[in-house]
Amino acid sequence: MSPADNEIRIRGLAIGARPRTDWTLDEVKALFELPLFDLLYAAQWVHRQHFDPNAVQCSTLLSIKTGACPEDCAYCPQSIRFDTGIETHDLMPLDEVRKAAERAKAAGATRFCMGASYRGPKDRQLEPILEMVREVKAIGLETCVTLGLLREGQAERLAEAGLDYYNHNLDTSEAFYPKIITTRTFADRLETLRRVRAAGIKVCCGGILGLGESREDRISLLHVLATLDPHPESVPINRLVRIPGTPLENATELDSFEFVRTIAAARVLMPASHVRLSAGRTEFSEEMQALCLLAGANSMFYGEKLLTTANPSTADDDALFARLGLVRESAPVRDESRSAVAT
Ligand code: SF4
C-alpha cells in the first residue's frame, strides 16, 4: 500500500491521504463540525502524508495596477464605487515590476504574484502583462497573475508566456455571492477557472471568511473547491480586512477558531494542495498564525504589502519562522500537485 492509500477513521469518518473530488456536502459538513481537536489531528495527519510539516511556501504579491475597478466586491478598497482613499495607479512599467521581482527573489520568495484591478483585461491590456510574466520567469521565479475574468483565448496566451498559476478566488458560497458582488456571478468565476485549467495553467483559488456569511456558506465554499477536478494547487484562505469606506467596514469579526477550523477542513479536503494563509494575517497574534500552520496552512504571502492592505514585515515573519523551527519551501522541481514532499 502506498502512503497515498493511507486512511484513518475519526468518529466514524474515513479520512484518506489520497486527493478525491467526489466529496458530498454532508461529508464536508460532518468533517467541518468535528470537535476542533479531532479536526486538527486529522489535518496534521493528512498534511504529513504530502508535505514537510515544517516547510512553508512563500509568495510575494505586487499590485501592478491599483484601483478604479468597475466591479463592486463589497470587501475591496479598489472598487471605483467606494470612497476608500487608496492611491490608484495605472499599469506599472515593466522595469519596476522586474526590480520588485528581483527583490522578492533575494528575500527568499519562490513565487511572484501580480494583481491588476480589472473586471477582466482587454486583449490590448493583456499584452504588457505577458511581457511581465516572461521577465519574472526569466529571473527564476514561479509566476502568478490575478486579472479577473478571462475571455476566450486569453488563458492560452498567458500559458504561452509561461504563466504558472492564475489566481481567481470564489470568495464565498454561491448562495451568499450576490450579497457580496453584484457585477458578476459565481458561474462567471467558474467559467474563468475552467478556461485557466483547460489552458494547462495551475489554479490558485480560495475564499474570504468573515464577510457575514454563515457556517453553511463556509461549508458550501469548501465543498465547491474540494469538488473541482483536479483541486486547485493553491488555496488561499483570507480573513476579511475591514477597510473604512467599503460596505463591510463594520462587519462582525469572525471567531478565530472558526477560521482555524476552515483551514483544517481545507487541508483534509484537498490533501496535496498548498493552503495559503492570506489577507488578515496582520490582525492575527503569532500564536494564532502558529495554530493556522498547525491546522495545515503551508503557504503565505511574504512581503510587507498585499495588493492594498498591510502584511507582517519580513523581519517579523523570519523571527516567527525561527521560533517555530520553520523553513521556507524551495522552488518546486516537479509538478507540486502530484509531489509527495516539495522541500
Ligand atoms: S476584488 Fe478585484 S474585481 Fe473586485 S473590486 Fe477589487 S480589484 Fe475589482
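**A colleague's note on the model**

1. A good place to begin is Pro230, which sits in the loop between H8 and strand E9 (234–239). The peptide bond that links Asp229 to Pro230 is cis, with omega at about 0°. As you look at this loop, please keep in mind that the structure is a predicted model.

2. On confidence, the protein chain has a mean pLDDT of 91, and 93% of its residues reach 70 or more. Residues 333–343 call for some care: pLDDT stays under 50 there. For that stretch the model has 17 contacts beyond four places in sequence.

3. Next, have a look at helix H8 (residues 215–226) and its meeting with helix H1 (residues 25–32). Their axes come within 9 Å and cross at roughly 120°. That angle makes H1 oblique to H8, because only angles from 65 to 115 degrees count as roughly perpendicular and only those over 145 as roughly antiparallel. The crossing of H1 past H8 is right-handed.

4. Which residues of H1 and H8 meet? From H1 come Leu25, Val28, Lys29 and Phe32, and from H8 come Ile219, Leu222, His223 and Ala226. Sorted by class, this contact of H1 with H8 holds six nonpolar residues, one polar and one charged.

5. H8 has another partner in helix H9 (residues 256–269), and here the axes lie 10 Å apart at an angle of about 25°. H8 and H9 are therefore roughly parallel to each other, as angles under 35 degrees are counted that way. H8 passes H9 in a right-handed crossing.

6. On the H8 side of this pairing you will find Arg218, Leu222 and Ala226, while H9 brings Thr262, Ala265, Ala266 and Leu269. The contact of H8 with H9 is made up of five nonpolar residues, one polar and one charged. It is worth pausing at Leu222 and Ala226, since these residues of H8 appear in the contact with H1 and also in the contact with H9.

7. Now for the ligand. Around it are Cys69, Glu71, Cys73, Cys76, Gln78, Ser79, Ser117 and Gly148. How does this shell divide by class? Three of the residues are nonpolar, four are polar and one is charged.

8. One last backbone detail to look up is Arg11, in the loop between strand E1 (7–10) and strand E2 (13–16). Phi of Arg11 is near 50°, a positive value in a residue that is not glycine.

Note on methods
Residues numbered from 1 in each chain as written. Predicted model: local features only at pLDDT ≥ 70, side-chain atom pairs only at ≥ 80, totals over all residues. pLDDT = per-residue confidence, 0-100. Contact = placed C-beta atoms within 7 Å. Near = placed C-beta within 6 Å. Nonpolar A, V, L, I, M, F, W, Y, C, P; charged D, E, K, R; others polar. Axes fitted to C-alpha atoms, helices over the stretch in contact; angles between N-to-C directions. Helix = DSSP H or I, 4+ residues; strand = E, 2+ residues; numbered from the N terminus. Left-handed = near helix turned anticlockwise from the far one by under 90°.
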